[in-house]
Amino acid sequence: MPLVPPYIESLRPYEAGRTIESVRKQYGLSHIAKLASNENPLGVSPKAVEAMVKVAGGLNIYPNGGLDLREVLASAYDVKVENVIAGGGSEGIMSNIIRAFLCDEDEVLTTEAAFIGFQVLAKSRGVTYRTVPYRDWGYDLPALAGQINANTKIIYLANPNNPTGAIFTRHQFDEFYKHVPERVLIILDEAYFEYAKDNPRYPDSMHYRYDNVITLRTFSKVYGLAGARIGYGFAHEELIRNLLKVKLPFEPSSTAQAAGIAALADPEFLHRSLELNARGLRYLTEGLTDLGLTVVPSQANFVMTVLPTGQDASRVFEELLAQGVVVRPLKAFGLPHCLRISTGTDDDNRLCVEALKRSYAANLGASHTG
Ligand SMILES: Cc1ncc(COP(=O)(O)O)c(C=O)c1O
């Protein structure tokens, strides 16, 4: 269709993980473990729910573009409000970055099989999108530095990385940064920051307030607010000023903003969420390893397992689905032989390992009988 530019025509629409309802219906199951979208299995902070209900009566009034949340974050991180942006999820802000800073000749540089949300947004701009392969399932920062050219405009780094769960360290980032010219914008996507922040090797980007680094964070993961669509970013005020020019003026919604502010003031929910996740990561990593599966060590709220072939990954995905366990196939990311499994409640994690065991036993049986 001539109206559609070729770089849009060739895109594949974002495919979210399967919903609980559709799996329940398809297989006639009563309980589904949804371990497909890195959501918080504990639900939502009661304080956030309370805050949303409280502002609901004022929804006839337009929101203030995230100013309240920006002020709270500026004060919490000891930066100016001009250094903070709030938006409709961190992807909402990512989309503004793409719109504000990329011109036709510019190039984007990142790892292969990067977070799919970024892939889709960057490719939808029709610019050259270049990648380097993973090294040990993490960003190969020296290789990325070696690929920077005169047209490179944005380098996208997710730390921890989705879908592999790996991090790069402070030392690795310091080395990398020396090779990045100031005209290149680094997006440091820290959607999983809270899960990694206590690791002493993890480079909390708030300690790297360089002029060409923008940090993105979200309330969708450990704060359990994926459905509210609320995220935020920190950067030099010049970058934020330009982002605000292209941002939809009334994002985030009043309810999303109120939920975010209240979630920040609920350390107990945060603590419980982190504890559950740490337990889940250990359990899934050990459980899968014991089954002989390859698991990438994770610093986030999911693990990635590497299967021998894409067919194996599809088969295991289908077999888990039939047992009520929904995980994430990674074909769309560019890793058809891998599956990503989010941590769930203790019961759901157990269900997942048991289902994998059954699927394994069935396959062993099949190969023994020829
Ligand atoms: C690396 C990464 N960045 C950003 C996001 C999107 O977060 P949000 O819900 O804030 O748009 C995700 C969600 O899966 C993610 O994994």
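## Strand S10 and its sheet in a predicted model

Methionine 304 stands opposite arginine 340 in strand S13. The model in which this pairing is found is a predicted one, and the pairing belongs to a sheet that is described here from its inner strands outwards, before the chain as a whole is considered.

### The two inner strands

Strand S10 covers residues 302-306, and since 5 of its 5 residues are buried, the strand is largely enclosed by the rest of the structure. The burial extends to both faces of S10, with Phe302, Met304 and Val306 on one side and Val303 and Thr305 on the other. For S13, which runs over residues 338-342, the count is again 5 buried residues of 5, so this strand too is largely enclosed by the rest of the structure. Cys338, Arg340 and Ser342 point one way from S13, whereas Leu339 and Ile341 point the other way, and all of them are buried. Arg340, the residue opposite Met304, is therefore counted as buried because its relative accessible area falls under the 20% cut-off.

S10 and S13 pair with each other in the antiparallel sense over 5 bridges. Besides the pair formed by methionine 304 and arginine 340, valine 306 of S10 stands opposite cysteine 338 in S13.

### The sheet as a whole

In which order do the 4 strands of the open sheet lie? The order is S9-S10-S13-S12, and the pairing is antiparallel. S9 and S12 are the edge strands, each of them pairing on one side only. In general, the strands of a sheet pair through backbone hydrogen bonds, in either a parallel or an antiparallel arrangement.

The pairings are set out below, strand by strand.

| Strand pair | Sense | Bridges |
|---|---|---|
| S9 (residues 294-296) and S10 | antiparallel | 3 bridges |
| S10 and S13 (residues 338-342) | antiparallel | 5 bridges |
| S12 (residues 328-329) and S13 | antiparallel | 2 bridges |

On the S9 side, valine 295 has threonine 305 in S10 as its bridge partner, and a hairpin of 5 residues joins S9 to S10. On the S12 side, proline 329 has leucine 339 in S13 as its bridge partner.

### A residue in helix H11

Serine 254 is found in helix H11, which spans residues 254-264. Is this serine buried or exposed? Serine 254 is buried, its relative accessible area being 19%, a value that lies under the 20% cut-off for burial. When its neighbours within four places in sequence are left aside, serine 254 is in contact with Val55, Leu59, Ile61 and Pro63.

### The chain

The chain contains 14 helices and 13 strands. Its radius of gyration is 21 Å, close to the 21 Å that the globule rule gives for 370 residues, so the chain is as compact as a globular protein of that length. Along its principal axes, the C-alpha trace spans about 65 × 50 × 50 Å.

Of the 370 residues, 50% count as buried. Among the contacts in the chain with a separation of 6 or more, 73% are accounted for by residues 24 or more positions apart. The chain exposes about 16800 Å², of which carbon and sulfur atoms supply 55%. As for the charges, the chain has 37 positive and 41 negative ones, and the mean positions of the two sets are 2 Å apart.

Conventions: Residues numbered from 1 in each chain as written. Predicted model: local features only at pLDDT ≥ 70, side-chain atom pairs only at ≥ 80, totals over all residues. Heavy atoms only, no water. Buried < 20%, exposed > 50% of the residue type's maximum accessible area, 1.4 Å probe, protein only. Pairing = 2+ DSSP bridges. Rg over C-alpha atoms; globule rule 2.2 N^0.38 Å. Contact = heavy atoms within 4.5 Å. Areas by Shrake-Rupley, 256 points an atom, 1.4 Å probe, with all protein chains shown as cover. Lys, Arg positive; Asp, Glu negative; His and termini not counted. Charge placed at Lys NZ, Arg CZ, Asp CG, Glu CD.
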